[in-house]
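Got the viewer open? Here is a short tour that goes from one selection to the next.

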Amino acid sequence: MKLFNKILTLLVIGILVISCQAKKEVDKEVTLPFFNSAEFTPEWIHEKDVKYNDIHQIPEFSLINQDGEAITKKTYEGKIYVADFFFVTCPGICPILEKNMSKIQERFKADNDVMLLSHTVMPTKDSVSVLKQYAIDNDIDSKKWNLVTGDKKQIYDLARKAYFADEDFVKTQDEDAFVHTENFILIDKKGRIRGVYNGTIALDTERLIRHIKILKEEG
């Protein structure tokens, strides 16, 4: 009888340990991490943590969209949004990025809390009129999805230092190099990075959509 009780106790302890581990994994899924550097190391930082107020945020910016309107950080204030980098004549990954970003547009078309932001990395060629035609050709809703052009240095600095989207720059630190990235970056309502995804992969886009829904639960 004593042996049976010992076995039963060990089984109960084992179940509790497994349950606690499973709960931790669930908590990580329902509370997205923050990303504070180009290494994209996930950090779960509680509001009461001393590091909470130092979480990396997207800085101020000022660019022009496909309708010739000024787009700034304030445009996205209080919004969840997905950012990426592309150029209109890109024959490789950009059409795939557009296709998957369009899926996000369609999924959240009636949700005013979710927006999209695509920066051209060839601003000298991708003028407002070029972006406008691209928007028309791809059924892009300008109320939901801004295609932006402007000062090249500002756009490249945003890619590399704000969104950490240029992996090659992390390795080479070559400021003259062309920015070409497949990353979708998820930004929360306070301008903080909460996820990075391969925008050329449909499954990763679906994961991003799930994570947008998780962010919406944060309020």
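Before you click on anything, one term: a salt bridge here is a side-chain nitrogen of Lys or Arg within 4 Å of a carboxyl oxygen of Asp or Glu. Keep in mind, too, that this is a predicted model.

**Stop one: helix H4.** Select Lys161 and Asp157. They form a salt bridge, with the closest N and O atoms 3.8 Å apart. Both residues sit in helix H4, 4 residues apart, which is about one turn of the helix. Now add Lys153 to the selection: Asp157 forms a salt bridge with Lys153 as well, at 2.7 Å between the closest N and O atoms. That pair also lies within helix H4 (residues 152-162), again 4 residues apart. Turn on the surface and you'll find Lys153 exposed, with a relative accessible area of 54%. Lys161 is partly exposed at 48%, and Asp157 is partly exposed at 24%.

**Stop two: a bridge between helices.** Which residue does Arg107 form a salt bridge with? Select Glu206: the closest N and O atoms of the two are 3.1 Å apart. Arg107 belongs to helix H2 (residues 94-107) and Glu206 to helix H6 (residues 202-218), so this pair ties together parts that are 99 residues apart in sequence. Both ends are partly exposed, Arg107 with a relative accessible area of 42% and Glu206 with 28%. The salt bridge count comes to 14.

**Stop three: Asp126.** Go to the loop between strand E6 (114-120) and helix H3 (128-137), where you'll find Asp126. Is this residue buried or exposed? Asp126 counts as buried because its relative accessibility is 3%, and the cut-off for buried is under 20%. Show its side chain and look for two partners. One is the side chain of Thr120, joined to that of Asp126 by a polar contact of 2.5 Å. The other is the backbone nitrogen of Val88, which the Asp126 side chain reaches at 3.1 Å. Leaving aside residues up to four places away in sequence, Asp126 also touches others, including Phe87, Leu131 and Thr149. Then select Gln66: it is 60 residues from Asp126 in sequence, but their C-alpha atoms are 9.7 Å apart.

**Stop four: the cysteines.** Select Cys90 and Cys94. Cys90 is buried at 6% relative accessibility, and Cys94 is buried at 3%. Don't look for a disulfide: a search of the whole structure finds 0.

**Last stop: zoom out.** Color by secondary structure and you'll see 6 helices and 9 strands. Of the 219 residues in the chain, 41% count as buried.

Methods. Residues numbered from 1 in each chain as written. Predicted model: local features only at pLDDT ≥ 70, side-chain atom pairs only at ≥ 80, totals over all residues. Heavy atoms only, no water. Helix = DSSP H or I, 4+ residues; strand = E, 2+ residues; numbered from the N terminus. Buried < 20%, exposed > 50% of the residue type's maximum accessible area, 1.4 Å probe, protein only. Contact = heavy atoms within 4.5 Å. Polar contact = N/O pair within 3.5 Å; in protein donor to acceptor, adjacent residues only side chain to side chain. Disulfide = S-S within 2.5 Å.
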